[in-house]
Amino acid sequence: MSIHIGLITALMVSAAAIAPETAQAQEKSITTVVKISGIPWFDRMKTGVEKFAQENPDMAITQVGPATADSAQQLQIIQDLVAKGTDALAVVPMDPSILEGIFKRAMDRGTIIVTHEADNQKNTMVDVEAFDNAAYGAALNERLAECMGGKGKWTTFVGSLGSRTHMQWVGAGEENAKSKHPDMDLVDPNNESFDDANGTYEKAKEILRKHPDIKGFQTSAGNDVLGVGRAIEEAGLTGKVCLVGTGLPNPSAAYLDSGAITAIGFWDPQKAGMAMNAIAKLLIEGKSVEDGMDLGVPGYEKVTVKPGAGKGKLVIGNGMVLADKDNYKEYLF
């Protein structure tokens, strides 16, 4: 009898030990993969991912990214995550084309794919955009034209030539200048920065030397305004050369105050991170993404839903912000 009791006790202890592992295995996971870790833009996005994780304690929600803005490193991270079996990936692609293959394989094996800044991504279930990208690029350019008086040489910077949204923004800026400001002369466009403020600074100095009469810069990656702003300030060209580009208020504050940066455009990466994760959770739960729905995130209360580049959907919010030295302090991040 004592042998039977001992056996039952042992089985109960074993079951108790296994139970937490089973519960953990059933926990759904969403992993956000950004272009590059450790820069202000994606540090801000991480606060949104962490906030969403706090609101959904029954899920495993994290953010990762490569140490440098390198599409091959990002691909390797995603391949590893797919192999480990994460339930959903929320990705900000460095280069959407490079990720098409792994996204297709991931979806074929049941992984949910949500993207951001990649409305040309074919192998995604939903791509989330904070706003219409062409309208944003045109708005940046119009602010630049206002500063330049609608004439003079100007140039553009992008994080990489493979970055879908960056190329859309500068493309829309170029079209805006051509149609509305024919006296604006675009020179040496689409300089790649790889979101490196120091590298951008060096390239901006080269451009200022090559074109001493240049009047404007339109930039795309979050660190570009910092590098170009530094080059303008050090050259003593503050107030003489205009700079409008994507950036965040806190990192840009000193250059906005000095006038080296004319204006910044942005959306809140925190809210974008939350919106991506909200959609990933909906898809995990088997729910659909519908036009006009409220994602429960500011700027995404009444989203527009359109067909995507592939079989997925394109979700567009209303989160565009333009700010200069007069109002950037309204946005404390």
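D87 and K28 form a salt bridge, with their closest N and O atoms 3.9 Å apart; the term here means a Lys or Arg side-chain nitrogen within 4 Å of a carboxyl oxygen of Asp or Glu. The two partners come from distant parts of the chain, 59 residues apart: D87 is in the loop between α3 (71-84) and β3 (88-91), and K28 is in the loop between α1 (2-26) and β1 (29-33). Helices (H or I, at least four residues) and strands (E, at least two) are DSSP runs, numbered from the N terminus.

A word on the model before going further. This is a predicted model, where local features need pLDDT of at least 70 and side-chain atom pairs count only at pLDDT 80 or more, while totals for chains, interfaces and linings use all residues. Residues are numbered from 1 along each chain as its sequence is written, and side-chain values use heavy atoms, with hydrogens and water left out.

## Salt bridges

By that rule, the count comes to 16 salt bridges. How exposed are the residues involved? Buried means under 20% relative accessible area, exposed over 50%, and partly exposed in between (1.4 Å probe, protein chains only). D87 has a relative accessible area of 22%, so it is partly exposed, and K28 is partly exposed at 39%.

Here is that pair again, along with two others:

| Pair | Closest N to O distance |
|---|---|
| D87 and K28 | 3.9 Å |
| D188 and K210 | 3.1 Å |
| E285 and K287 | 3.2 Å |

In the D188 and K210 pair, D188 sits in the loop between β7 (184-186) and β8 (191-192) while K210 belongs to helix α7 (residues 197-210), so the bridge ties together parts that are 22 residues apart in sequence. D188 is partly exposed at 29% relative accessibility, whereas K210 is exposed, with a relative accessible area of 55%. For the third pair, E285 comes in at 40% relative accessibility and counts as partly exposed; K287 is also partly exposed, at 47%.

There's a network too: salt bridges link R44, D268 and K271.

## A charged residue without a salt bridge

E100, in helix α4 (residues 96-108), is buried yet has no salt bridge. Which side chain of opposite charge is nearest to E100? That would be K122, 6.3 Å away. For this purpose Lys and Arg count as positive and Asp and Glu as negative, with His and the chain ends not counted. Contact means heavy atoms within 4.5 Å, and, leaving aside neighbours within four places in sequence, E100 is in contact with N120, Q121, K122 and N123.

## Strand β10 and its neighbours

Now for strand β10 (residues 242-246). With 5 of its 5 residues buried, this strand is largely enclosed by the rest of the structure. Strands count as paired if DSSP finds at least two bridges between them. Strand β9 (residues 214-219) pairs with β10 in the parallel sense over 4 bridges, and F217 stands opposite L243 in β10. Between the two strands the chain passes through helix α8 (residues 224-234), giving a right-handed β-α-β crossover. Right-handed means that, with the strands pointing away from the viewer, the path from the first strand over the helix to the second runs clockwise.

β10 also pairs in the parallel sense with strand β11 (residues 263-266), over 3 bridges. There, A263 of β11 is the bridge partner of V244. The chain gets from β10 to β11 by way of helix α9 (residues 249-258), and this β-α-β crossover is right-handed.

## The disulfide

How many disulfides turn up in a search of the whole structure? The answer is 1, where a disulfide is a pair of cysteine sulfur atoms within 2.5 Å. C147 is joined to C242, with an S to S distance of 2.0 Å. Since C147 lies in helix α5 (residues 133-148) and C242 in strand β10, the pair ties together parts that are 95 residues apart in sequence. The torsion about the S-S bond is about -80 degrees, so the disulfide is left-handed. C147 counts as partly exposed at 32% relative accessibility, while C242 counts as buried at 5%.

## F333 and the return to R44

Last up is F333, in the segment after β14 (321-323). F333 is buried, with a relative accessible area of 13%. R44 and F333 are 289 residues apart in sequence, but their C-alpha atoms are 7.5 Å apart in space. Not counting residues up to four places away in sequence, F333 touches R44, L248, P249, N250, P251, F266, D268 and P269. R44 and D268 also belong to the salt-bridge network with K271.
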